[in-house]
Every structure is written in structure tokens, then in C-alpha cells.
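Biologist: Before we discuss the details, could you put the sequence and the model on the screen? I would like to go through them by question and answer.

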Amino acid sequence: MPDKMTLEAIINFTVAGLLTYMLSFIFRMALAYFELKRQSEKILVQKSQAELNLLKSQVQPHFLFNTLNNIYYEAYREAPRTAKLIERLSDIMRYFVDESPRDEVSLSTEIQFLENYIALEKIRMRHEIDLDFIKEGNTEIRIPPMLLMTFVENIFKHGVDKSRSENKIELSLVQHDGYLHFQTKNRVYDLPGAAEHTGFGIKNLRKRLNLLYGDNFELNIINEGNYFIAFLKVPLV
């Protein structure tokens, strides 16, 4: 006879579904925002910011933050781990509202954003992920927001097999000689559409890097046996 579901299990199941839906919605919103921002940079002389302002006005962040806070306090009494995930989602939303519109953010802010995203993605995995994140450098240096996100997002979309227990991810973020080096490494799985979607994300990232740095950056994608390696090098001002 199946075990009776506990209140904590019901809360965890419900909130996990809510988190997944909201995270998907937020990232669609972010992608739309950066596409609009890229277009506005091309016509900067015309000062055309109307579309960006319209997008931001539709977010209604205070309503979402208040709702998440209410869910957090309800969950904390019964499921502290679930409450922590809600807190991470709230931090991601604040990043999009408060930080992503800026031209630059601190490296510590960007790292926290990546770690929050990774934590929320991991709840969708059937097995634990072996993840190693090396961070070396001054966390107060400033970089454009969401500059590192494409690599990490691609890993969880196309470089993780939820049915396997041996998924391994390596991330390295190092400051060296006036440049920031970011590298990701993950196993290659034959997932439908992986190559197409990964290439699309990298293509958009390269366009943004060209706008930001001209030719003063490196972006390399390497297929090394059973592993996929992405490397980014950008100057620090």
C-alpha cells in the first residue's frame, strides 16, 4: 500500500512545480529584454528606449516579490529546504529587476546569480550532479550583466542527462592579467536538438560580445572526445 503523502511532501511538490514555471517565465522575459536592448544599441543615436521601458513596466516586480515572500514564510514552517529555493528564486528576480538593466554589475553579484540559477536547476534532476566551481579573482570587479549565463544555461539544457547518475560539470572563473577567463566543461550527450539550440545561444552571445568589446575578446567552443568545453576571455576595465 503506498505511503501516505506528508504535508511537507505536498508542499515540496507544489512549490517545485511553481518554481519551475516561474523560472521559465523569468528567463523568457530576460531573453526578450536583452534582444530589445541589443536592438536599441544599434539605433542609440535615435534614443529609442520605448520598447525597453514598456517591457520593464509589464514585469510588476513588487507584486511578484510580495507573493514569493508570502510563499517563503508559509513553506519555512514546514519545509525549510523548499523555503531556501524560494529565496533563491526571489534573488534571481531581483537581479533581473535591479541589476540586469545596468551596464555593469559586480562579479560577486554575477556569481551569486549563477549559483542561484544552478541551485534551482538541480531540483529538476533525478540524481545528484557532481559540480565543481572554481572562483579566483577580485569579486568587486565589474562586468556586463548575464555575460556568463549562456554557457551555464546550455549545460543544463543540453549537457545534462536526467536519467544518468554520473553527470559532471566543471566551471572555472579566473581573473588573470587584466582579463576574466570563464570556462565550462560537461559531458556530451546525444540529446535531440542540442547542437542547434546551443549554437543559437552562442551565436547571440558572440553578437553581444562584438557590441561590447569589438575584437578584444575570445570565445571558443571545443568538442574534446566525450566532453564539451566553452571558453570566454574578456578584458577588465
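Biologist: Does Glu-218 count as buried, partly exposed or exposed, and at what relative accessibility?

Modeller: This is a predicted model, so the value is computed from predicted coordinates. Buried would require under 20% relative accessible area and exposed over 50%. Glu-218 falls in between, because its relative accessibility is 35%, and the residue counts as partly exposed.

Biologist: With which residue do the side chains of Glu-218 meet in a salt bridge, and which parts does the pair tie together?

Modeller: The N to O distance in this salt bridge is 3.8 Å, and the partner of Glu-218 is Lys-233. Glu-218 lies in strand 6, residues 218-224, while Lys-233 lies in strand 7, so the pair ties together parts that are 15 residues apart in sequence. The partner is therefore in strand 7, and the parts joined are strand 6 and strand 7.

Biologist: How many salt bridges does the count come to, and which residue forms one with Glu-128?

Modeller: Side chains of opposite charge can pair when their charged atoms come close. The count comes to 7 salt bridges, among them the one between Arg-102 and Glu-99 at 3.3 Å, N to O, in which Arg-102 counts as partly exposed at 43% relative accessibility. Glu-128 is exposed, with a relative accessible area of 61%, whereas its partner is partly exposed at 30%. The closest N and O atoms of that pair are 3.7 Å apart, and the partner is Lys-122.

Biologist: What is the order of helices and strands along the sequence?

Modeller: The protein has 7 helices and 7 strands. Contacts between residues 24 or more positions apart account for 74% of those with a separation of 6 or more. Read along the sequence, the pattern is α-α-α-α-β-α-β-β-α-β-β-α-β-β.

Biologist: Which element gives the most residues to the largest nonpolar core?

Modeller: Of the 237 residues of the protein, 42% count as buried, and the largest nonpolar core has 58 residues, with Phe-96, Phe-113, Met-146, Phe-156 and Leu-209 making the most contacts inside it. The elements that give two or more residues to this core include helix 4, helix 5, helix 6, helix 7, strand 4, strand 5 and strand 7. The element that gives the most, with 11 residues, is helix 1.

Biologist: How are helix 5 and helix 6 oriented relative to each other?

Modeller: Two packed helices are described by the angle between their axes and the distance between the axes. Here helix 5 and helix 6 pack at an angle of about 10 degrees, with their axes 11 Å apart. Angles under 35 degrees count as roughly parallel, so helix 5 and helix 6 are roughly parallel.

Biologist: Which residues of helix 6 meet helix 5?

Modeller: From helix 5, the residues in contact are Phe-113, Leu-114, Tyr-117, Ile-118, Glu-121 and Lys-122. Phe-156 touches several of these, including Tyr-117 and Ile-118, and also reaches Met-125, Ile-129 and Ile-169. On the helix 6 side, the residues are Met-149, Val-152, Glu-153 and Phe-156.

Biologist: What is the distance between the end C-alpha atoms of helix 4?

Modeller: Helix 4 has 20 residues, which at 1.5 Å a residue should span 28 Å. Among its buried residues are Leu-85, Leu-89, Ile-92, Met-93 and Phe-96. The end C-alpha atoms agree with the expected span, their distance being 27 Å.

Notes. Residues numbered from 1 in each chain as written. Predicted model: local features only at pLDDT ≥ 70, side-chain atom pairs only at ≥ 80, totals over all residues. Heavy atoms only, no water. Core = buried A, V, L, I, M, F, W, Y, C linked by side-chain atoms within 4.5 Å. Buried < 20%, exposed > 50% of the residue type's maximum accessible area, 1.4 Å probe, protein only. Helix = DSSP H or I, 4+ residues; strand = E, 2+ residues; numbered from the N terminus. Contact = heavy atoms within 4.5 Å. Salt bridge = Lys/Arg side-chain N within 4 Å of Asp/Glu carboxyl O. Axes fitted to C-alpha atoms, helices over the stretch in contact; angles between N-to-C directions. Parallel < 35°, antiparallel > 145°, perpendicular 65-115°, else oblique. Expected span 1.5 Å × (residues − 1). Lists of a residue's contacts leave out its neighbours within four places in sequence.
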